[in-house]
Amino acid sequence: MDTINLKEKFSTFSDLWNQRQIGIINDCAVKIVKVKGEFIWHHHDVEDELFLVVKGVLRMKFRDHEAVIREGEFVIVPHGVEHCPSPTKKSTSS
C-alpha cells in the first residue's frame with residue numbers, strides 16, 4: 001500500500017482533458033485530469049462520476065441547473081445524467 005501524492009501525480013503531465021488513472025478501489029478507477037475550457041455534453045451509461053476539485057473552480061452544467069464546485073469540494077454525477085464540465089478558472093479535477 002503506497003501513499004498517493006496528488007501534487008506529484010499532477011506534475012507528471014501537462015495535457016488537458018486526458019485522464020490519468022492513479023488507483024483502483026472496489027473495481028473502480030481513480031483518475032485525475034487537468035482541465036481548461038468547456039468539455040462536451042455527455043453521459044455515462046453505467047458508471048457514476050465523482051468530480052473533486054483540487055485547484056480552481058469547476059462549473060458543472062446539467063440540462064436543468066448548474067453546480068459550482070470549489071477547491072476541496074466534489075460533486076457526484078449519477079450514470080445516465082447528461083452533464084458538461086466547464087472550469088471557471090484554471091482547475092485540476094480528479
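**Stop 1: the largest pocket**

Select Ala 29, Lys 31, Asp 48, Glu 49 and Leu 50. Among the 22 residues that line the largest pocket, these lie nearest its centre. The model is a predicted one. The space in this pocket comes to about 710 Å³.

Now colour the lining by residue class. Twelve of the residues are nonpolar, five are polar and five are charged. Then show the strands. β2 (28-35) and β3 (49-55) each give the lining at least two residues. Which strand supplies the largest share? That is β2, with six residues.

**Stop 2: the largest nonpolar core**

Next, select Phe 51, Val 53, Leu 58, Met 60, Phe 62, Ala 67, Ile 69, Val 75 and Val 77. These nine residues make up the largest nonpolar core. At least two residues of this core come from each of β3, β4, β5 (66-70) and β6 (74-77). The strand that gives the most is β4, with three residues.

Stay on Val 77 and show what surrounds it. Beyond four places in sequence, Val 77 touches Asp 48, Glu 49, Phe 51, Met 60, Phe 62 and His 83. Three of these names lead back to the core list: Phe 51, Met 60 and Phe 62. Two others, Asp 48 and Glu 49, are among the residues nearest the pocket centre.

**Stop 3: Lys 61, a charged residue on β4**

Move to Lys 61, in strand β4 (residues 57-62). Is Lys 61 buried or exposed? Its relative accessible area is 14%, so Lys 61 counts as buried, the limit being under 20%.

Show the side chains here. A polar contact of 2.4 Å runs from the side chain of Lys 61 to that of Glu 38. Then widen the selection. With residues up to four places away in sequence set aside, Lys 61 touches Glu 38, Trp 41, Glu 66, Glu 82, His 83, Cys 84 and Ser 86. His 83 is worth keeping on display, as it appears in the contacts of both Lys 61 and Val 77.

**Stop 4: His 43, between β2 and β3**

Select His 43, in the loop that joins β2 and β3. His 43 is partly exposed, at 42% relative accessibility. Its side chain makes a polar contact of 2.9 Å with the side chain of Asp 45.

What does His 43 touch beyond four places in sequence? The contacts are Gly 80, Val 81, Glu 82 and His 83. Two of them, Glu 82 and His 83, are also contacts of Lys 61.

For a long view, draw a distance from His 43 to Ser 14. Their C-alpha atoms are 25 Å apart, with the two positions 29 residues apart along the chain counted as separation.

**Stop 5: His 65, between β4 and β5**

Go on to His 65, in the loop between β4 and β5. His 65 is partly exposed, with a relative accessible area of 42%. Show Asp 64 as well. The side chains of His 65 and Asp 64 are joined by a polar contact of 2.8 Å.

Now draw a line to His 83. From C-alpha to C-alpha, His 65 and His 83 are 9.9 Å apart, and they are 18 residues apart in sequence.

**Stop 6: Glu 73, between β5 and β6**

Select Glu 73, in the loop between β5 and β6. Glu 73 is partly exposed, at 34% relative accessibility. Turn on the backbone of Arg 70. A polar atom of the Glu 73 side chain lies 2.8 Å from the backbone nitrogen of Arg 70.

Which residues does Glu 73 touch, those up to four places away not counted? They are Phe 51, Leu 52, Val 53 and Val 68. Phe 51 and Val 53 belong to the core of the second stop. Val 54 is 19 residues from Glu 73 along the chain, and their C-alpha atoms are 8.0 Å apart.

**Stop 7: two positive phi angles**

Finish with the backbone. Select Trp 17, in the loop between α1 (6-10) and β1 (20-25). Trp 17 is not glycine, but its phi is positive, near 60°. Trp 17 is partly exposed, with a relative accessible area of 25%.

Then select Asp 27, in the loop between β1 and β2. Its phi is also positive, near 65°, again in a residue other than glycine. Is Asp 27 buried or exposed? With a relative accessible area of 78%, against a limit of over 50%, Asp 27 is exposed.

Key: Residues numbered from 1 in each chain as written. Predicted model: local features only at pLDDT ≥ 70, side-chain atom pairs only at ≥ 80, totals over all residues. Heavy atoms only, no water. 1 Å grid on protein atoms, 1.4 Å probe; cavity = no way out; pocket = protein on both sides within 12 Å on 5 of 7 lines; lining within 4 Å. Points joined across faces, edges and corners; volume = space filled by probe spheres on them. Helix = DSSP H or I, 4+ residues; strand = E, 2+ residues; numbered from the N terminus. Nonpolar A, V, L, I, M, F, W, Y, C, P; charged D, E, K, R; others polar. Buried < 20%, exposed > 50% of the residue type's maximum accessible area, 1.4 Å probe, protein only. Polar contact = N/O pair within 3.5 Å; in protein donor to acceptor, adjacent residues only side chain to side chain. Contact = heavy atoms within 4.5 Å. Core = buried A, V, L, I, M, F, W, Y, C linked by side-chain atoms within 4.5 Å.
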